[in-house]
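Dear colleague,

Please find below the structure that I am handing over to you, together with its sequence. My findings follow directly after it.

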Amino acid sequence: MIRRLAASAVLLLVLAGCGREAESPEPEPTPAPTPAVVRDFAPTPSPTLQAVRRRGHVLCGVHAGLAGFAVRDVRGVWRGFDVDICRAVAAAVLGDANAVRYRSVSAQNRFAELQGGSVDILSRNTSWTLSRDAGLGLDFAAITYYDGQGFMAPRSLNLTSADELSGARICVQAGTATETTLSDYFRARGLEFTPVVLDDEAEARTSYEAEACDVFTADVSALASARSLMSNPNAHVILPTVISKEPLGPVVRQDDPAWTDIVRWTVNALIVAEELGVNSTTVEGSRETASDPDTRRLLGVEGELGAMLGLEADWAYQAISQVGAYNEIFRRNLGADSGLKLERGLNALWSAPDPGLIYAAPVR
């Protein structure tokens, strides 16, 4: 009896199901369309770029005279590593590397000259530090040279380390980070010294050579520059002790980020050119025959990278063809073809057999 009742119940349920239409499954929700990626590459307006184009030249603040970095030749033409950075920017922006007006600025007034608008770029062996970057309303657009503070002494003293300088009279330039770093180094080691503070590097060099002090301290590159101008360079040695990090590079005002980008990417382009094996001699041919995308983008053959900076498509080509790749600029001003004969050292490419720190962000 119980089995018959259960079977009847099941049969009734089946008949009830057959008596109504089958229900359709709930439809799957349609995914929302992925929004198209909008690439707005309109350049940010740059008041500095506009001013440069109106006047027809870049205003560049440089050292009054530092061999290898900024100095007038016998014809009064400015030459040097820092000078060439400004020339490259002028080539990129105006198509003419000679469209630069130079203004010699001292260590003491260099930042005021930039802040006040007397120059568009400060390219004067200036170290990137937090206080200068964050405290002065300035931007360091790039690092062009990795340096450090060192010491030069007469070879006759047979010194091997700065730690042997206790009690020494040390020539140092006023108004520089060098002065502070010198004091910090000696205080940390409990060493005594007598600072002989001079207004500029030329005066410090002259005082050192006249034996008004025992040792001369400055960035190693500045010491090499000073030594090259002395009556007997071989009588002086730069000690192996380096007491600071001094990343040097061009400085611009912080209120014009688009101009900062222009200076930064001009420097990057010079470094990328060396990485790609492109130089002032080969760049014309490379522009015609290059098949790799990196070279074609760099030289403006494809892509719209120049437009993103508010520049012409051939901005990097102009800088490289008129001024050279980074290795050319280094070699003629500081390296084998110069009076300084400096090794690349930290300023070798990151990819060199003996790698350094020079590394550019990708131009793409």
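I begin with a pair of charged residues: D84 and R87 are both buried, a term that stands for under 20% relative accessible area, with exposed meaning over 50% and partly exposed in between (1.4 Å probe, protein chains only). The two form a salt bridge whose closest N and O atoms are 3.1 Å apart; by salt bridge I mean a side-chain nitrogen of Lys or Arg within 4 Å of a carboxyl oxygen of Asp or Glu. Because D84 and R87 are three residues apart in helix α3, about one helical turn separates them.

Some remarks on the basis of these values are in order. The model is predicted, so that local features need pLDDT of at least 70 and side-chain atom pairs count only at pLDDT 80 or more, while totals for chains, interfaces and linings use all residues. Residues are numbered from 1 along each chain as its sequence is written, and side-chain values use heavy atoms, with hydrogens and water left out.

**Overall description**

The protein has 14 helices and 14 strands, taken as DSSP runs and numbered from the N terminus (helices: H or I, at least four residues; strands: E, at least two). Of its 364 residues, 47% count as buried. The exposed surface is about 18,600 Å², of which carbon and sulfur atoms supply 53%; accessible areas come from the Shrake-Rupley method with a 1.4 Å probe, and for residues only the protein chains shown count as cover. Among contacts (heavy atoms within 4.5 Å) between residues at least 6 apart in sequence, 71% join residues at least 24 apart.

**Further salt bridges**

The whole structure contains 14 salt bridges. One of them joins R344 to E274, with the closest N and O atoms 3.2 Å apart. This pair links distant parts of the chain, since R344 lies in the segment after α14 (326-333) and E274 in helix α9 (residues 257-276), 70 residues apart. Both R344 and E274 are buried.

R79 forms a salt bridge with D73, the closest N and O atoms being 2.8 Å apart. Here R79 is partly exposed, at a relative accessible area of 41%, and D73 is likewise partly exposed, at 22%. D73, R75 and R79 are linked in a network of salt bridges.

**Nonpolar cores**

A nonpolar core is here a set of buried Ala, Val, Leu, Ile, Met, Phe, Trp, Tyr and Cys residues joined through side-chain atoms within 4.5 Å. The largest has 76 residues, and F216, W259 and L298 touch the most other members. Helix α3 (residues 81-94) gives the most to this core, with ten residues. Apart from it lies another core of 15 residues, including F151, A162, L182 and L191.

**A five-stranded sheet**

One open sheet has the strand order β10-β9-β11-β8-β12, with mixed pairing; two strands pair if DSSP finds at least two bridges between them. β10 (193-198) and β12 (236-238) stand at the edges with a single partner strand each, so one side of each is left without a neighbour in the sheet. From one strand to the next, the twist averages 30°. Strand β8 (residues 149-154) pairs with strand β11 (residues 215-219) in the antiparallel sense over four bridges, and the bridge partner of Q149 in β11 is D219. Helix α8 (residues 220-228) packs on the sheet, touching β8, β11 and β12, and its direction makes about 125° with that of β11. Axes are lines fitted to C-alpha atoms, for helices over the stretch in contact, and angles run from 0 to 180 degrees between N-to-C directions.

With kind regards
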